[in-house]
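Open your viewer, switch on a cartoon view and keep the selection box handy. This tour goes from one selection to the next and tells you what to look for at each stop.

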Amino acid sequence: MTVDVTARTIQAQYAPPGERPLTMMMETGSEDSRDLRQLGDLSALTHRVLDEGLRPLDAERELTRIISLKGYWPWWTKVLGGALLAAMLCVLASGTPKAAVVAPVVFLVGNRFGWALSTSGLPSFYVTGLQTAAVIGLTMVLADAHALSGGEAASVAAANMVLLLPILSVVSLAEDAISGFRAMAAGRLISVGMFLAAMVGGVSLVGFLLRDADVDARNTAFRALPLVLSLVTSAVGALGNAVFMGGPPRLLPWAMGAGVLAGLVNGLLHQELGLATPPAVLGAAAVLGAAAGAVAPVLRIPSRSLVVPGIAGALLPGPDVYRSLLQYGLQVPGAGGYAVLEFVTTAAIGVGTVLGNHLGGAAQRRWAPASRGSSAARPG
């Protein structure tokens, strides 16, 4: 059996000796969506096929059942999970308590606006651009009405811009390129470029609201929270992301643990050792990937289901993305510097998780046979 995955299709070839070969192809069409429940169910099905010898027809029926299942959480619960993540990102982007309350409200408005646009069949490029315009426009209107200060408006907008970004596609792009799926990486690169262009276009649509805005509304930075408090925000962010992506209850405590681990390593490397953001993020992602790769087979949870919430809880970029897109939309010279830094930082997440997964998986495979051997030798 050989399987080849490209940007838009997956092809499987089966050529048993002495029998007629079979080739099957299917189109794939996901952009940046994830369903952690389906991911876990598919992983469990894979284990049943490999470990228990599940027959192909039974496996096909089980796959059909998995695909037909509705999400574990109702839609409003997942949306509230995204709102919780928005509040956490707002705090990290120097947001005040009031801004942390407003950020989820802006997220809810933008999310439902995007859903309404997508139900009309509008291509995702336009949906993203109009969502960006709505988020920036609503935030600037609140600032103009003095409901938010300039700095608060910037932190609210930065948090919500991060949630619109195709962060996971950038991470997967780096992972695919390193792992040898270069056609898939090239396809993701085009998608990421179009998403970013849509967001710049959205900022341009409401640029007139920004030209006279308070200078603080155009600039924000990550707040250097005390390490203990940053671990709390990492856990909360990972929990919000796990719910937002449909993770089942069994996953939630492990997702929070992944966020705490990534936040701890990132905080130690960045704040205590003074490393720049990209290498600190790379190190944190590598440790997270190694831990996920080591414990995932034991927990019967896909390592990706641990890595994704951990990334969202502790490693997502924010203020520099906001600044770069804002400055591009306003045609400010030098806007590319922030964009390059954030692209490198985000790509470092993918580089680190691939390295960590290889190391963690290798350690688990080396330990597992010894563990099974010792259990088999134990009487009874």
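## First stop: a helix with paired charges

Arg-65 has a relative accessible area of 39%, so this residue is partly exposed. Before you select its partner, please keep in mind that this is a predicted model.

Now show the side chain of Glu-62 as sticks. Arg-65 and Glu-62 form a salt bridge, 2.7 Å from N to O. Both residues belong to helix α2, where they are three residues apart, about one turn of the helix. Is Glu-62 buried or exposed? Glu-62 is buried, because its relative accessible area is 18% and the cut-off for buried is under 20%.

Stay on helix α2, residues 56-68, and add Arg-61 and Asp-58. Their side chains also meet in a salt bridge, with an N to O distance of 2.3 Å. Arg-61 and Asp-58 are three residues apart in the helix, so about one helical turn separates them. An α-helix has 3.6 residues a turn, so residues three or four places apart point the same way. Arg-61 counts as exposed at 52% relative accessibility, while Asp-58 counts as partly exposed at 30%.

## Second stop: a link across the chain

The structure holds seven salt bridges. For another of them, select Arg-300 and Asp-51, whose side chains meet at 3.8 Å, N to O. This pair links distant parts of the chain: Arg-300 sits in the loop between α12 (277-299) and α13 (303-314), Asp-51 sits in helix α1 (residues 36-52), and the two are 249 residues apart.

While Arg-300 is selected, look at its backbone too. Its phi is near 60 degrees, a positive value in a residue other than glycine. Arg-300 is partly exposed, with a relative accessible area of 47%.

## Third stop: two more positive phi values

Move to His-146, in the loop between α5 and α6 (150-164). What is the phi of His-146, which is not a glycine? The value is positive, about 65 degrees. His-146 has a relative accessible area of 72%, so this residue is exposed.

Then select Gly-246, just after α10, where phi is positive at about 75 degrees.

## Fourth stop: helix α10 and its neighbours

From Gly-246, step back into helix α10, residues 227-244. The helix has 18 residues and reaches 25 Å from its first C-alpha to its last, close to the 26 Å expected at 1.5 Å a residue. Colour its buried residues, which include Ser-230, Leu-231, Thr-233, Gly-237, Asn-241 and Val-243. What do the buried residues of α10 pack against? Show α1, α3 (75-92), α11 (252-272) and α13, and you have the helices that they pack against.

## Fifth stop: a nonpolar patch

Switch to a surface view and select Phe-113, Leu-122, Phe-125, Tyr-126, Leu-130, Ile-190, Met-194 and Leu-205. Together these residues form a nonpolar patch on the surface, with about 730 Å² of accessible area. The elements that give two or more residues to the patch are α5 (124-144) and α8 (182-205). Phe-113 is found in helix α4 (residues 97-119). At a relative accessible area of 33%, Phe-113 is partly exposed.

Return to the cartoon and pick out α8. Its 24 residues should span 34 Å at 1.5 Å a residue, and its end C-alpha atoms are 35 Å apart, which agrees. Besides its residues in the patch, α8 has buried residues, among them Met-184, Arg-188, Phe-195, Met-199 and Val-203.

## Sixth stop: a pair of strands

Go now to strands β2 (residues 9-14) and β3, which run antiparallel and are joined by six bridges. Which residue stands opposite Glu-27 of β3? It is Thr-9. Strand β3, residues 22-27, is hardly covered: the count of buried residues among its six residues is zero.

## Last stop: the whole chain

Zoom out to see the full chain, with its 15 helices and three strands. Of its 380 residues, 45% are buried. Among contacts between residues at least 6 apart in sequence, 71% join residues at least 24 apart. The accessible surface of the chain comes to about 19000 Å², and 66% of it belongs to carbon and sulfur atoms.

Conventions: Residues are numbered from 1 along each chain as its sequence is written. This is a predicted model: local features need pLDDT of at least 70, side-chain atom pairs count only at pLDDT 80 or more; totals for chains, interfaces and linings use all residues. Side-chain values use heavy atoms; hydrogens and water are left out. Patches are made of residues with over 30% relative accessible area and no salt bridge: like charges are joined within 9 Å, nonpolar side chains (Val, Leu, Ile, Met, Phe, Trp, Tyr) within 5 Å. Accessible areas come from the Shrake-Rupley method with a 1.4 Å probe; for residues, only the protein chains shown count as cover. A salt bridge is a side-chain nitrogen of Lys or Arg within 4 Å of a carboxyl oxygen of Asp or Glu. Helices (H or I, at least four residues) and strands (E, at least two) are DSSP runs, numbered from the N terminus. Buried means under 20% relative accessible area, exposed over 50%, partly exposed in between (1.4 Å probe, protein chains only). Two strands pair if DSSP finds at least two bridges between them. The expected span of a helix is 1.5 Å times one less than its number of residues. Contact means heavy atoms within 4.5 Å.
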